[in-house]
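Open the model in your viewer and keep the selection panel at hand. The stops below go from the ligand outward to the charged side chains and end with the whole chain.

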Amino acid sequence: LTMAWRSRGRRIDPDAQRTPTPTQAVEGLPLPVTCVEPKDVVTEGHDLASAARVIGVGRGLRSEEDLALVDDLARVLGAEVACSRPVAEDLGWLPKDRYLGVSGRRIAPRLYLALGISGQLQHMIGVREAGTIVAINTDPMAPMIEDSDFSIIGDLKAVVPALIRELTRAR
Ligand SMILES: Cc1cc2nc3c(=O)[nH]c(=O)nc-3n(C[C@H](O)[C@H](O)[C@H](O)COP(=O)(O)OP(=O)(O)OC[C@H]3O[C@@H](n4cnc5c(N)ncnc54)[C@H](O)[C@@H]3O)c2cc1C
């Protein structure tokens, strides 16, 4: 495993407009993405908006069964669980009100822990106001690594159980 620290903010413009109007391109994106229909978010009892700690899971999770491992970490950390868009929209592993990004929820937790998320701009727009971003990813070249404050290069299936052990011990 490799652990790294870096300052973030390379690609995420903190001054970009938070709520795009229907006719405006979304700032911070190089692509001409336009918000055509702002939607009210219907939540299912998960208060992502006020959560101090949020764990985001991406396609790096590989199997829905591994969500149990993420839930264990969330319990120990006192965190809410969110995800990237494909995890909700394509795979259906989590409800659609839990994906983060330009077309999903935008949050500002003190800690955002990204598990197996590549960190495409469309996702990062949703988490750019997090106090600290920690990434766990097997790919040292993933954009998420560059945009995080701390990163662990490794397989989340090895790193997450180790984190749970250490956090439990530290309680
Ligand atoms: C118009 C438009 C709007 C969009 N809006 C959103 C949005 O609001 N929110 C959003 O999230 N996406 C959005 N997307 C999609 C976005 O572009 C990305 O495709 C998506 O965010 C990628 O999801 P991901 O990071 O989960 O998956 P991937 O890009 O497939 O990344 C998976 C990551 O997991 C890592 N990984 C693999 N195995 C492991 C392992 N065992 N342990 C640790 N790491 C591992 C890989 O290295 C990789 O970095 C939008 C796209 C478009 C075109």
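**The ligand**

Start with the ligand and arginine 59: an oxygen atom of the ligand lies 2.8 Å from a polar backbone atom of this residue. Bear in mind while selecting that the model is predicted.

Next, add serine 103. Here the partner is a side chain: one of its N or O atoms is 2.8 Å from a nitrogen atom of the ligand. Then pick glycine 116, where a polar backbone atom is 3.0 Å from an oxygen atom of the ligand. With the surface switched on, the cover can be viewed as a whole: the ligand has 990 Å² of accessible area on its own, and the protein covers 77% of that.

Now expand the selection to the full surroundings of the ligand. How many residues surround the ligand? There are 27, and the closest are Arg59, Ser84, Leu100, Ser118 and Asn137.

**Arginine 98**

Select arginine 98, which sits in the loop that runs between helix H2 (85–90) and strand E4 (111–115). Its charge has no partner of the usual kind: arginine 98 is buried but has no salt bridge. Which side chain of opposite charge is nearest to arginine 98? It is aspartate 97, at 4.6 Å. The cut-off for a salt bridge is 4 Å between a side-chain nitrogen of Lys or Arg and a carboxyl oxygen of Asp or Glu.

Display valine 81 as well. Its backbone oxygen is 3.0 Å from a polar atom of the arginine 98 side chain.

**Arginine 62**

Move to the loop between strand E2 (53–57) and helix H1 (67–77), where arginine 62 lies. Check its backbone torsions: phi is positive, about 75°, although the residue is not a glycine. Is arginine 62 buried or exposed? Its relative accessible area is 70%, so arginine 62 counts as exposed.

**Lysine 157 and aspartate 66**

Select helix H5, residues 156–170, and within it lysine 157. Leaving aside neighbours within four places in sequence, lysine 157 is in contact with Asp66 and Leu69. With aspartate 66, lysine 157 forms a salt bridge whose closest N and O atoms are 3.2 Å apart. This pair links distant parts of the chain, since lysine 157 belongs to helix H5 while aspartate 66 is in the loop between E2 and H1, 91 residues apart.

Colour the two residues by accessibility. Lysine 157 has a relative accessible area of 44% and is therefore partly exposed. Aspartate 66, at 14%, is buried.

A distance label from lysine 157 to glycine 60 gives another long-range pair: the two are 97 residues apart in sequence, with 9.7 Å between their C-alpha atoms.

**Other salt bridges**

Side chains of opposite charge can pair when their charged atoms come close. In this model the count of salt bridges is 4.

Select aspartate 72 and arginine 75 together. Their side chains form a salt bridge with an N to O distance of 2.5 Å. Both are in helix H1, and because they are 3 residues apart, about one helical turn separates them. Aspartate 72 is partly exposed at 32% relative accessibility, whereas arginine 75 is exposed at 58%.

Then select glutamate 89 and lysine 96, whose side chains meet in a salt bridge at 3.8 Å, N to O. Glutamate 89 is partly exposed, with 33% relative accessibility, and lysine 96 is exposed, with 53%.

**The whole chain**

Finally, clear the selection and show the protein chain as a cartoon. What is the order of its elements along the sequence? The pattern reads β-β-α-β-α-β-α-β-α-β-α, made up of 5 helices and 6 strands.

Switch to a surface view of the chain. The accessible surface is about 9100 Å², and carbon and sulfur atoms account for 51% of it. Of the 171 residues in the chain, 44% are buried.

For a contact map, take the contacts with a separation of 6 or more: residues 24 or more positions apart account for 57% of them.

Methods. Residues numbered from 1 in each chain as written. Predicted model: local features only at pLDDT ≥ 70, side-chain atom pairs only at ≥ 80, totals over all residues. Heavy atoms only, no water. Helix = DSSP H or I, 4+ residues; strand = E, 2+ residues; numbered from the N terminus. Buried < 20%, exposed > 50% of the residue type's maximum accessible area, 1.4 Å probe, protein only. Lys, Arg positive; Asp, Glu negative; His and termini not counted. Polar contact = N/O pair within 3.5 Å; in protein donor to acceptor, adjacent residues only side chain to side chain. Near = heavy atom within 4 Å. Areas by Shrake-Rupley, 256 points an atom, 1.4 Å probe, with all protein chains shown as cover. Contact = heavy atoms within 4.5 Å.
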